[in-house]
Every structure is written in C-alpha cells, then in structure tokens.
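Colleague: I would like a close look at a single part of this model, followed outward to the contacts that join distant stretches of the chain. Could you take me through it in one connected account?

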Amino acid sequence: MATSFLEEAARTQAAEAVAAIESQTAAEVVVAVRRASSDYAHTDARLGAAVAFVVLGVLLFIPQEVHLYAFPPVVLLSYAAGVMGGRLLPSLRRALTPRKLQEDSVRTAAKAAFTELGVSHTSRRTGILVFVSLFERRVEVVTDYGVDPSLMGAEWQEALTQLSAALAASPAPEPFFQALRRIQAPLSRVLPRLEDDVNELPDMPGAVA
C-alpha cells in the first residue's frame, strides 16, 4: 500500500482531486500521506520479549542438556529476531498494536501536520487537511475555524466514512481519490466558491514522512 500511494502517479491523482474540489468551494484542501503516525517501537519490543520468553522456556524444559553459557546469547538473539519480525511484518505489528493507540497516534500526527504544512494560513481560515496514515489504514480530517462540519450534516460524515473505507479496502490509491471527491458536494453547499477566491495552498500532497 505504501509504495502505490507514494508514487508520482498517486500524487498527480491527489492534485487533480483537490483541484476539482476547490473549483466548487472556497475551502482549501491539502492531502498529506504518511507511512505511519508512530514508530510503534514498544510493539516491536513486546513481540521480541514474547519470542525470547518462549525460547527461554524451550531451553529450560527440553530434554536435551543445554550449556548454561548458551542461554544469554540465544535469548538475546531471540529477542532481536522478534523485534525485527515486527519491523519486517507490518500486518503483524498492526495486529499487535491496540486500535485505540493507533487512532490516537494518527489524530496527534494529523494535528501536527496541520500546523507544519501551514493549512491554517488561509485568509478565510477555510483550510482542510486530509491526513492519510498508511500503516494504520486510517484517515483523519482536520478542519480550520472557518469550516464547520456540523453545518454539512450527514452528507459530510458519510463522505469521511467512505474515505476511511476506501483506504482500508484497497491498496490502490484510485478508490481513495474517487472517495475524496465526495467531500465536494457538502463543501460547495456550505462554502461555495467566491469570485475572488485564489488558490492559497498547493494542490500536490504535503510532505511525506
């Protein structure tokens, strides 16, 4: 998933979707794609500890005699193998990381990106950040003060639900960017494009980390 979303073709699709949305609304949309919102090192450490514990149990209870000096290096290598397994197998790391922690990490990273990418630097405070975190397969949308989600009602919420569903369901970026265009309708209804609107933020996705 990470590779396809980070390719130049996907960046172009993102820019086209943003341009289409902004052609009908005064909102300024920025898409940011990140590989992950945290390094989740603690998950790797827990996996390493679990593997080391199992290997230690095997060394203690197998019928064959194992020299005492062999215990420390074998257990340490087992721990390292577990940690490496977490890093090399994203699906395993994701399964072992609590969902609540993933949600909190994405939300925190999205709020930080909102500031880092200058999404609040619009004249009418109508910036919207669509933050895509690939490892967690989550989308977090952060809106500035000039965008009131409550005015857009169920149509807005349904569009956001479709965004997350598209990201979780397909490793290809096309369904996600198709879903992204669905935010145009509620935005254009509440924040229609004005004659003096200018494009204040870049349409290309924000910096990737």
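Modeller: In this predicted model, helix α7, which covers residues 149–169, spans only 25 Å between its end C-alpha atoms, whereas a straight helix of 21 residues would span 30 Å at 1.5 Å a residue. Along its course α7 bends by about 70 degrees, and the bend is located at Glu155. As for the residues of α7 that are covered, the buried ones are Met152, Trp156, Ala159, Leu160, Leu163, Ala166 and Leu167.

The loop that runs between β3 and α7 contains Asp144, and this residue is paired with Arg125 in the loop between α6 and β2, 19 residues apart, so that the contact links distant parts of the chain. The contact is a salt bridge between the two side chains, at 2.7 Å from N to O. Its two partners differ in their cover, because Asp144 has a relative accessibility of 4% and counts as buried, while Arg125, at 31%, counts as partly exposed.

The salt bridges number eleven in the structure, and a second one also starts from the loop between α6 and β2, where Arg124 lies. Arg124 forms a salt bridge with Asp197, and the closest N and O atoms are 2.9 Å apart. Asp197 belongs to the segment after α9 (184–190), so this pair ties together parts that are 73 residues apart in sequence. Here the acid is buried, with a relative accessible area of 11% for Asp197, and Arg124 counts as partly exposed at 37%.

Strand β3 has a salt bridge of its own, in which the side chains of Arg138 and Glu103 meet at 3.8 Å, N to O. Because Arg138 lies in strand β3 and Glu103 in helix α6 (residues 99–116), this pair ties together parts that are 35 residues apart in sequence. Arg138 is partly exposed, with a relative accessible area of 24%. Beyond these pairs, a network of salt bridges links Lys100, Asp104, Arg107 and Glu140.

Aromatic contacts add further links, and the structure holds four aromatic pairs. In one of them, the rings of Phe5 and Phe177 have their centres 6.1 Å apart and their planes at 45 degrees, so the pair is tilted. This pair also links distant parts of the chain, since Phe5 sits in helix α1 (residues 2–6) and Phe177 in helix α8 (residues 173–180), 172 residues apart. Both partners are covered: Phe5 counts as buried at 3% relative accessibility, and Phe177 is buried with a relative accessible area of 5%. Together with Phe176, these two residues form one aromatic cluster.

Another aromatic pair is formed by Tyr40 and Phe135, which is tilted as well, at 5.3 Å centre to centre and with 35 degrees between the planes. Tyr40 is in the loop between β1 (28–34) and α3 (41–61), and Phe135 is in the loop between β2 (127–133) and β3 (138–143), 95 residues apart, which again links distant parts of the chain. Tyr40 is buried, with a relative accessible area of 0%, and Phe135 counts as buried at 9% relative accessibility.

On the surface, Met84, Leu88, Leu89, Leu92 and Leu96 form a nonpolar patch with about 450 Å² of accessible area together. The elements that give two or more residues to this patch are α4 (71–88) and α5 (90–96). Among the patch residues, Leu96 is found in helix α5, and it is partly exposed, with a relative accessible area of 42%.

Finally, the segment after α9, which also holds Asp197, is the place of Met204. Met204 counts as partly exposed at 29% relative accessibility. Between Met204 and Ile62 there are 59 Å in space, C-alpha to C-alpha, for a separation of 142 residues in sequence.

Notes. Residues numbered from 1 in each chain as written. Predicted model: local features only at pLDDT ≥ 70, side-chain atom pairs only at ≥ 80, totals over all residues. Heavy atoms only, no water. Helix = DSSP H or I, 4+ residues; strand = E, 2+ residues; numbered from the N terminus. Expected span 1.5 Å × (residues − 1). Bend = angle between axes of the 7 residues up to and from the residue. Buried < 20%, exposed > 50% of the residue type's maximum accessible area, 1.4 Å probe, protein only. Patch = residues over 30% accessible without salt bridge, like charges linked within 9 Å, V, L, I, M, F, W, Y side chains within 5 Å. Areas by Shrake-Rupley, 256 points an atom, 1.4 Å probe, with all protein chains shown as cover. Salt bridge = Lys/Arg side-chain N within 4 Å of Asp/Glu carboxyl O. Phe/Tyr/Trp six-rings, centres within 6.5 Å; stacked < 30°, edge-to-face > 60°.
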